[in-house]
Structure formats: structure tokens, C-alpha cells
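These notes are meant for a colleague who is opening this entry for the first time. Please keep the sequence and the model in view while going through the numbered points.

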Amino acid sequence: MTALDFSFINWAVVQSFIAKGLIFSVQLTIIAMLGGIALGTALALMRLSGKPWLVQPAAAYVNLMRSVPLVMVILWFFLLIPLLIGRSIGAELSAIITFTIFEAAYYSEIMRAGIQSVSRGQVNAGYAVGMTYAQCMKLIVLPQAFRNMLPVLLTQTIILFQDTSLVYAIGAYDLLKGFEVAGKNFNRPVETYLIATVVYFVICFSLSMLVRRLQKKIAIIR
């Protein structure tokens, strides 16, 4: 059995193979997070509107996305969009759109819980001073909902970063793909996958510790 050899890993290898993948994984995470939260908040407001023509489509969307494996959504979107528009949009753009619309369903449920956590009395107080529904949401409810749910939103974002490794299914060049390519070039796949595991662990564990500290600070503010 061949002994493990990590001597091929150096700064040149990181720059040539891994850095590009890390940059895309981070970009994908940030864009999908921001887009997912924006779309998810809209879906949450639709589900809480009490109007069937808004509630039912939003509920159907959320339930569908939460019931289908992400890798299947990635594959179907990547394969179907070229058939519908007549041309390919590329693996990277396809991954960004797919992750945004998929994560919106999860962010929606988080935001819905955050909105419902705000006391109804504060909303009634806003109505009492002449605020509209939109003003109450913008000035009273949503700021508190975001603050209350911030640790959960960030935890979901960490999960999102981990899930970016699934874009290998459509050939996008993410962090895991960078390690895979390096392993093939140096014929050291086992070593590169082990290092990739450590890198993912360090990044996600560090972010989890930051979220935990933030959660404690928010608890103190409350």
C-alpha cells in the first residue's frame, strides 16, 4: 500500500488549482444567500398575507423545493434551461440561479418564524399611530425579525457553503473541484480529498463558532 504523501501541496498548487474554486464557492454562497434571503422574505410575507392567491403559490413553492434533493434541482435546471431557451447558460450561472431559488425556500421558513416572533402588540401600536401594513413591516417587524433570526440565517448559510460542493454534478469549478483537479494532476486523489475535508471543516467550524458568539450577544441584547 502506497504511503500518503502531501509534499506536492505548496503555494503554487493552491494558486493554480484551489484558489479559483474557493473564490467561486464563496461567490456562490454570498450571491445565493443574499438572493435567497430577499426571495425568501417575499415568500414569507406571501404566506403570512392571509390571501389565498398569495399563500397557496408560496406554500407550494416552498414545499416543493424542500421536498426535492438539491442535486436533482441542480441537474434538472442545468439540463432543462438550454432546452427552453435554446442555448446553454454555463455551469456557474446555472449553479448561482439554482442555489438562489432553492435556498429561498429554507430562508423563507426562517424569516416566517422571525416575523411571527415579533409581538403582535408592536404591530397594533404601529397601526395606532397611523402606519400602513407596509410601513409596519419595514420599520417594526422586519428589522426585529432579521435580528432575531440572524444566527439561524447564518447557520443556513454555512450549510449552503457546504452544499456548494454539489455543483460537481454539472462540472462547475468550485472548491472541491479544485482539489479534485489537483489530485488528478499529481496522481494523489486520496491526499487531496483528505486536505479538502480538513479545509471544509476548518472553514465551517470557524464560522459556526462566530455564529455561536453572535447568538450569545443577541441573547444579551434581548
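1. How many helices and how many strands does the secondary structure of the protein come to? The model, which is a predicted one, has eight helices and zero strands. Followed along the sequence, the protein therefore reads as α-α-α-α-α-α-α-α, in the order in which the elements occur.

2. On overall dimensions, the C-alpha atoms fill a box of roughly 75 × 50 × 25 Å, taken along the principal axes. The protein has 222 residues, and 37% of them count as buried. Among the contacts with a separation of 6 or more, 77% are made by residues that are 24 or more positions apart.

3. On the surface, the protein exposes about 12300 Å², and carbon and sulfur atoms supply 68% of that area. As for charge, there are 17 positive and 8 negative side chains, and the centres of these two sets lie 17 Å apart.

4. The interior deserves a careful look, and the largest nonpolar core is a good place to begin. This core has 36 residues, and those with the most contacts inside it are Phe99, Tyr107, Ile115, Val141, Leu153 and Val167. Two or more residues each are given to it by helix H1 (11-47), helix H2 (52-67), helix H3 (70-85), helix H4 (91-117) and helix H6 (133-163). The largest share, 10 residues, comes from H4. Apart from this core lies another one, of 14 residues, and Val13, Leu175, Ile195 and Cys204 are among them.

5. Which residues does Phe99 contact, once its neighbours within four places in sequence are left aside? The partners of Phe99 are Leu28, Ala32, Leu70, Ile74, Leu160, Asp163, Thr164 and Val167. Of these, Val167 is also listed among the residues with the most contacts inside the largest core, as is Phe99 itself.

6. Thr157 is found in helix H6. Is Thr157 buried or exposed? Thr157 counts as buried because its relative accessible area is 11%, and the cut-off for that term is under 20%. Leaving aside neighbours within four places in sequence, Thr157 is in contact with Thr29, Met33 and Tyr107, and Tyr107 is one of the residues with the most contacts inside the largest core.

7. Ser94, which lies in helix H4, is likewise a residue to inspect in the interior, since at 1% relative accessibility Ser94 counts as buried. Beyond residues up to four places away in sequence, Ser94 touches Phe77, Phe78, Ile89 and Ile170. From C-alpha to C-alpha, Ser94 and Val73 are 11 Å apart in space, with their positions 21 residues apart in sequence.

8. The cysteines can be taken together. The structure holds zero disulfides. Cys136 has its place in helix H6 and is buried, at 1% relative accessibility, while Cys204 is buried with a relative accessible area of 5%. Setting aside neighbours within four places in sequence, the contacts of Cys136 are Val123, Gly126, Tyr127, Met131 and Val141. Cys136 and Phe6 are 130 residues apart along the chain, and their C-alpha atoms are separated by 58 Å.

9. Is Trp53, a residue whose place is in helix H2, buried or exposed? Trp53 counts as exposed because its relative accessible area is 60%, and the cut-off for exposure is over 50%. The C-alpha atoms of Trp53 and Arg87 are separated by 34 Å, and the two residues are 34 residues apart along the chain.

10. The last point concerns a loop residue and its backbone. Asn187 lies in the loop between helix H7 (175-185) and helix H8 (189-221), and its phi is near 55°, a positive value in a residue other than glycine. With a relative accessible area of 64%, Asn187 is exposed.

Note on methods:
Residues are numbered from 1 along each chain as its sequence is written. This is a predicted model: local features need pLDDT of at least 70, side-chain atom pairs count only at pLDDT 80 or more; totals for chains, interfaces and linings use all residues. Side-chain values use heavy atoms; hydrogens and water are left out. A nonpolar core is a set of buried Ala, Val, Leu, Ile, Met, Phe, Trp, Tyr and Cys residues joined through side-chain atoms within 4.5 Å. Buried means under 20% relative accessible area, exposed over 50%, partly exposed in between (1.4 Å probe, protein chains only). Helices (H or I, at least four residues) and strands (E, at least two) are DSSP runs, numbered from the N terminus. Contact means heavy atoms within 4.5 Å. Accessible areas come from the Shrake-Rupley method with a 1.4 Å probe; for residues, only the protein chains shown count as cover. Lys and Arg count as positive and Asp and Glu as negative; His and the chain ends are not counted. The place of a charge is taken as NZ of Lys, CZ of Arg, CG of Asp or CD of Glu. A disulfide is a pair of cysteine sulfur atoms within 2.5 Å.
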